[in-house]
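Colleague: Thanks for making time to go through this one with me. Could you show me the model so that I can ask my questions as we look?

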Amino acid sequence: MEQWHSYLQQHGSSINKQTPASAFPGGFHTTAAMALMSHADAELKQYIKSHSISQIYEALLSGLFVQCPDDPLIFLEEKIKELQNRKIQSLLLTKGGHLDLSWDMFVTDDFRQSMTKMIGSYLSYLFDLEAGLVLHPEMNEKAYRFHLNSLLKKYFSEWMKYIGNKKRDQIEQAQDVIKADTHYVRHKLTLGFYAWTKWMQIKRKQQALAMEHIRKVNNQRQARLILREWLAVTKEAKATREYFERLERGELELESDILLLAPKDEKDHISTFPWAISLKIFGYLGVRELIRCAQVCQSWKVITQSSSLWSKINFYPVKTLIKDDDVANILRSYRSSVVHLSLRGCNNIGRATFKGITGCRNLQDLNLSECEKVTDEFVSVLVDVCKSLMYLNISYTSIGDATLRSLSKFGLNLQYLSLAYAKKYTNKGLNYLATGKGCHRLVYLDISGCTEISVRGFKSLGIGCNEIEHLVINDMATLTTSCIIAMAGYYSNLTTVSLLASPHISDSAVKALVQGNKLTIFKTEGNKRLTDTSFKMFGTSCPNLKHIHVSDCPKITDNSLRFISTLKDIVVLNMSDCISITDSGVRIFLEGNSGSKLRELNLSNCILITDLTILKIIQRCSSLSHLRIRFCVHLTDNGIEWLGSLVALTNIDLTGTNVHEQGLSGLSNNHKIRELTVANCSGVTDNGLQKFYHKMANLEFLDVSHCLSVTDQSVKTLAFCCRRLISLNIAGCPKITDLSMQYLAGVCHYIYFLDISGCVRLTDSSFTFLKKGCKQLRVLKMLYCTKITKQTVKAAINVEHVEYSDDNPPVWFGYDDKGNYLAPQKEEEENK
């Protein structure tokens, strides 16, 4: 009973209406009771309800269960008597005698304080006789299972939270372990780095000590070598002295007593190099240098006699010095090795040279341009013997139809042929090419300046040489549209066409060249018949066009640029002297497909363009490297200043423009400029040039000719900042004195070309400075230099080309022989 009493104290508060009967210790056998009451008759149910049997039973059992008396029977007996007394009292007080019964009425106050009131009555539910219905046992089982599932969900959710917290703790613990490991590794690396640093310091000290020791040993060894050599020289000098003394005393009688020996061959650094490296070094030398090197020593002679150095021979640099026998000897010595041979401009050659050329059976490339002694007979023998000949240049020679007849017979492998300005051959010679076996593999043909050819000759050329890819017909005033049409109909592989100085070509000729061919390069100039129609055909039929040179064609307008704006690969565009071109046309082209790929642009003398064109160039032409805008008078410093932001620009020509100090200062922002031309620019002064020179360490070519304000001060800055200068043109600058030449000669040792024409204040002293300082000078122009004498000019031994005159400057120079400016003439006098 005591155990039961303690159990109620602990769990009494949890007893409620939803607690099943099976939860009480001992059990109420709820299922059996409910089954019994479900089959009871109506009178029994009415009796139980009218006498409150269920309430009395519940109150007695609750008191008994809660208080747990020692003698339950006596407890029940006392409580039943108490109920009887309450019944009697209720009858006296009320008519109905109804008792107010509760489930805890027999529970004392001590036990009632630790219990909560039960909601409803379990026995009322058990003996629910009023409704006449009793719940089925299955419903109670469902309620029990629902309650059990609720508890399971609650416990499972709590368990999931517990597992989640545990995993989170594990992750945090793993992260802490990783951090600890990282910290440990860093700590170890730090300690290792400090240890390695100390070790490196020790090793460096050891290396420094070792290097010092090695240096000392090397110095000692060198000293020993010097002493040994000095001792050998001393002994040799002593022996030589003794030899001469004995010779003077007459003691030497036999040749075996001669003690003097020939000096040993000394080797230089090049002789000690590997053979391949030595050949690479000597490969950069010309014919003259190789001949001189062969006379230095035996080892150099062996190197210069290598056949690989004589596979390509160019006699053009020594054309005035080389003799017929010299060329013949060289060709005879290396006839099996010669593959490329250039005798351009060599007028001293003769029969011996030609005989030597015929001995070069492996010859593939031969240049006989400007050789006056080249004849039909020699060319006939040459092409008959040299079967491997592929490149032949006989331009500016006196060859005739007989040469073309020989080429048609024996030139079976000939691919490149230049007949430019060889004016003695006629249509008959071209007919030979068409009907012969040779020259059918020609891919390059140059017949510029050959005015004796008519329509019949061009037709023969088209029939016989229809595989030509590169066709050059420049400077031919007799060339007409009919000639082009008669020839172009047979061609299907043309990629390059050059028609410079051919004024009678029309749009019909261009149409004939375009049809059936894949042109990539087209050149023409000085043509007043070409119109925008030609450019329209370029835009529709030449998708691979890359190079367009159409200069001095006044009928070309902005529409032409609009037609070719759809082409994708144009890299070179020359529209110089096309005076109808405006900003609008240039803008349309630059906004097209080729704007960003353009590398060279020439808009010289397009007088209608303004700074808007320069702005569009800055925006679109990121690859532009060459720009020529000569005599574009509407350009201002604002536009020219923008050009400094074109990082790819290396070559710019501003001749005749209104560039001033601001424009030159803006150009200096581009440090890659290598060539600048500002000739005939009246706004160019020393201040602007000095600002430009300060940032132009890579400047190589400079032209400031006819800039009357240029003085020695700007030349001083030029010499100090631009020491890589190769070409300089300061012609027509009257303020230049000998001091400028002294500046250039002292610093700029790489100058190859110098034009000082019209510098009237220069004297013979300037030539002396140039002779001492500018050892590389090869071209010197000194026209209108009144204070330089002829005797000084004759001393120019190292200069290959000299132009000199002591005449007074022409009137158009703008100053007299003393450098004084001339008064400007009136407009009428200029027109006269």
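**A loop, some strands and a few charged pairs**

Modeller: Happy to, and let's start at Glu372, which sits in the loop between β3 (365-367) and α15 (376-385). Please keep in mind that this is a predicted model.

Colleague: Is Glu372 buried or exposed?

Modeller: The cut-off for exposed is over 50% relative accessible area. Glu372 has a relative accessibility of 62%, so this residue counts as exposed.

Colleague: Leaving aside its neighbours within four places in sequence, which residues is Glu372 in contact with?

Modeller: One residue to look at on the way is Asn348, 24 residues from Glu372 in sequence and 9.1 Å from it in space, C-alpha to C-alpha. Contact, though, means heavy atoms within 4.5 Å. With neighbours within four places set aside, the contacts of Glu372 are Asn347 and Ser398.

Colleague: Let's move to the strands. Which residues make up the covered face of β9?

Modeller: In a regular strand the side chains alternate between the two faces of the sheet. Strand β9 covers residues 521-525, and its uncovered face holds Ile521, Lys523 and Glu525. The covered face is made of Phe522 and Thr524.

Colleague: Which residue stands opposite Phe522?

Modeller: Strand β8 (residues 496-499) runs parallel to β9, and 4 bridges join the two. Between them, helix α20 (residues 507-514) completes a right-handed β-α-β unit. The residue opposite Phe522 of β9 is Val497.

Colleague: And in β10, what is the bridge partner of Glu525?

Modeller: Strand β10 (residues 547-551) pairs with β9 in the parallel sense, over 5 bridges. From β9 the chain passes through helix α21 (residues 532-541) to β10, in a right-handed β-α-β crossover. The bridge partner of Glu525 in β10 is Ser551.

Colleague: Now the charges. How many salt bridges does a search of the whole structure find?

Modeller: Side chains of opposite charge can pair when their charged atoms come close. The cut-off is a side-chain nitrogen of Lys or Arg within 4 Å of a carboxyl oxygen of Asp or Glu. Over the whole structure, the number of salt bridges found is 13.

Colleague: Which helix holds both Glu77 and Lys81?

Modeller: Their side chains meet in a salt bridge, with 3.5 Å from N to O. Glu77 is partly exposed at 45% relative accessibility, and Lys81 is partly exposed at 47%. The two are 4 residues apart, about one turn of the helix, and that helix is α5 (residues 72-93).

Colleague: What is the N to O distance in the salt bridge of Arg145 and Glu141?

Modeller: An α-helix has 3.6 residues a turn, so residues three or four places apart point the same way. Arg145 and Glu141 lie 4 residues apart in helix α8 (residues 137-249), about one helical turn. Arg145 is exposed at 51%, while Glu141 is partly exposed at 39%. Their side chains meet in a salt bridge with an N to O distance of 3.7 Å.

Colleague: Which residue does Lys216 meet in a salt bridge?

Modeller: The partner is also in helix α8, 4 residues from Lys216. Lys216 is partly exposed at 48% relative accessibility, and its partner is partly exposed at 37%. With 3.9 Å from N to O, the side chain that meets Lys216 is that of Glu212.

Colleague: What accessible area do Phe156, Trp159, Met160 and Tyr162 have together?

Modeller: Met160 has its place in helix α8, and this residue is partly exposed, with a relative accessible area of 42%. The four residues form a nonpolar patch on the surface, and together their accessible area is about 460 Å².

Colleague: Last one: which elements do the buried residues of α27 pack against?

Modeller: In α27 (residues 686-693), 6 of the 8 residues are buried, so this helix is largely enclosed by the rest of the structure. Those buried residues are Asp686, Gly688, Leu689, Gln690, Phe692 and Tyr693. They pack against α26 (661-667), β15 (675-677), β16 (701-703) and α28 (712-721).

Definitions and conventions: Residues are numbered from 1 along each chain as its sequence is written. This is a predicted model: local features need pLDDT of at least 70, side-chain atom pairs count only at pLDDT 80 or more; totals for chains, interfaces and linings use all residues. Side-chain values use heavy atoms; hydrogens and water are left out. Buried means under 20% relative accessible area, exposed over 50%, partly exposed in between (1.4 Å probe, protein chains only). Two strands pair if DSSP finds at least two bridges between them. A crossover is right-handed if, with the strands pointing away from the viewer, the path from the first strand over the helix to the second runs clockwise. Patches are made of residues with over 30% relative accessible area and no salt bridge: like charges are joined within 9 Å, nonpolar side chains (Val, Leu, Ile, Met, Phe, Trp, Tyr) within 5 Å. Accessible areas come from the Shrake-Rupley method with a 1.4 Å probe; for residues, only the protein chains shown count as cover.
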